[in-house]
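Reader: I would like a close look at a single part of this model, with the cut-offs behind each term spelled out.

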Amino acid sequence: MTGDFSPATPLAGRMMVAACILLTVAGCASLPDAAQELETPHAQAVAFDTARGPVSASKSAAIIEKLERKSGDSDILQKHLAMEQAINADSPLVLGNKLVLLQDGPATYQAMFAAMRNARNHINLETYIFEDDDIGQQFADLLLERQAAGVQVNLIYDSVGCLNTPKEFFARLSAGGIQVLEFNPVNPLAGNKKEWLLNNRDHRKLLVVDGRIAFLGGINISESYSSGPSMRSARKKEAKTVGWRDTHLQIEGPVVAEFQKLFMDTWTKQKGPSLAEKNYFPKLDKQGNEIVRAIGSASADPRSLIYLTLLSAIGSAEQRVSLTNAYFVPDPQLLKSLTDAAQRGVDVKLVLPSHTDSWAVFHAGRAHYSKLLRAGVKIYERRGAVMHSKTASIDGVWSTIGSTNLDWRSFLHNDELNAAILGREFARQMDAMFARDLAESDAIDLERWEQRSLILRLKEGVARIAEYWL
């Protein structure tokens with residue numbers, strides 16, 4: 001079972017969780033029929049929202065025309081806009097946002113700490129992993145400090161992701177007045193829900209401060225992320241490990257309200273206690289010029305919006321697809337989407353881990369390399385770091401950052417959260433970041449790959465058997 005287990009997670013714990021899943025899950029969920037979804041004609045026009053509400057049809061058309069002039073590729077932009085609007089009609093494209101691209105743990109934690117220290121009303125934090133280590137203690141101390149100062153802190157943590165975090169750690173937070181909610185508790189007798197949904201995890205990483213600033217991406221609360229790719233971990237027991245390469249996003253502007261709604265929705269569905277009355281949805285003014293859509297997917301949803309959005313973006317690609325991801329175990333539809341894009345002349349590049357914290361996922365993903373390489377997809381493995389970033393940049397006009405891995409678990413079993421960004425300016429930043437990762441990666445050559453050892457092939461075969469559950 002994947003989902004950002006830290007290097008400190010004991011193998012026995014992973015095996016226990018995996019065994020419980022296999023024994024307790026009654027049936028298998030299935031991915032939506034992407035071909036049918038994407039081929040269905042949609043007549044709904046592309047619409048935008050601002051801080052003042054929905055934009056009129058005439059103004060939306062003017063915005064699109066302006067975007068086309070900037071991009072220089074009107075047909076490509078129109079395709080991406082139309083496909084994404086058809087899939088995410090209920091989630092608005094919001095104008096007027098300011099974005100800060102955050103690379104790796106140190107920069108991300110610094111920005112998050114600064115925002116939380118300035119909190120005056122509330123802090124909403126949702127995370128998969130919250131470890132009781134130095135970084136975790138820094139977060140806990142700051143959250144308790146702000147709670148004592150009258151700032152209401154509400155925390156959602158995932159039960160499996162925090163399997164190794166002592167209950168006393170969260171008890172201390174609760175005793176300090178913080179509202180703490182455990183997502184789908186491993187203990188079937190805990191929680192307020194009638195169903196025991198051990199296989200459905202909250203993999204989101206979201207921080208909303210005062211309803212005005214949001215952070216999301218791939219970074220958990222763990223000492224594992226406290227060093228960048230070129231830095232060694234400060235912990236003695238991890239002295240021989242490399243740092244983690246990850247990406248997060250800081251957002252200010254009207255779209256923060258959409259991320260706040262997703263936090264509140266999770267709190268309600270998990271039957272959390274009544275929240276203290278705070279100003280969770282303040283009036284939000286324009287902060288920048290970025291166009292952002294908040295996309296949340298949950299295991300209970302009949303269709304994974306993040307999955308369909310990504311497939312539609314790859315399917316609409318005409319020039320290039322640049323992906324970085326931590327856990328790459330593509331289902332047949334994603335595999336076809338990538339190979340089809342390469343075969344129609346799109347420059348498809350994947351930057352994946354050269355080593356990882358999940359043996360099974362690593363080899364299950366590599367089992368697909370030959371097919372991808374033969375179709376013209378270019379694969380690179382990041383050296384000198386644990387690649388944990390989950391990003392996409394397509395055609396220089398569409399980008400996404402979030403918690404979603406390219407595997408069955410993220411698309412079917414997890415609650416995930418991504419931001420989709422429309423515009424060439426931010427895409428340039430994404431492409432520059434991708435180029436830096438590419439420079440630190442080794443290309444996988446098809447001829448050499450086909451000569452890999454029998455041992456590696458056996459590992460891939462064994463891992464693929466369980467790829468649905470990883």
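Author: What follows concerns one helix, its two ends and its surroundings.

The model is predicted, so local features need pLDDT of at least 70 and side-chain atom pairs count only at pLDDT 80 or more, whereas totals for chains, interfaces and linings use all residues. Residues are numbered from 1 along each chain as its sequence is written, and side-chain values use heavy atoms, with hydrogens and water left out.

Helix 6 covers residues 134-148, where helices (H or I, at least four residues) and strands (E, at least two) are DSSP runs numbered from the N terminus. Its 15 residues reach 21 Å from the first C-alpha to the last, close to the 21 Å expected at 1.5 Å a residue, the expected span being 1.5 Å times one less than the number of residues.

At the start of helix 6, a side-chain oxygen of Asp133 comes to within 3.3 Å of the backbone nitrogen of Ile135. Ile135 is itself among the buried residues of helix 6, together with Gly136, Phe139, Ala140, Leu142, Leu143, Leu144, Arg146 and Gln147; buried means under 20% relative accessible area, exposed over 50% and partly exposed in between, with a 1.4 Å probe and protein chains only.

These buried residues pack against helix 5 (104-117), strand 4 (122-127), strand 5 (152-158) and helix 7 (167-175), contact meaning heavy atoms within 4.5 Å. Just after helix 6, Gly150 takes a positive phi of about 100°.

In the neighbouring helix 5, Asp104 has a positive phi of about 75° although it is not a glycine, and Asp104 is buried, with a relative accessible area of 11%.

Key:
Polar contact = N/O pair within 3.5 Å; in protein donor to acceptor, adjacent residues only side chain to side chain.
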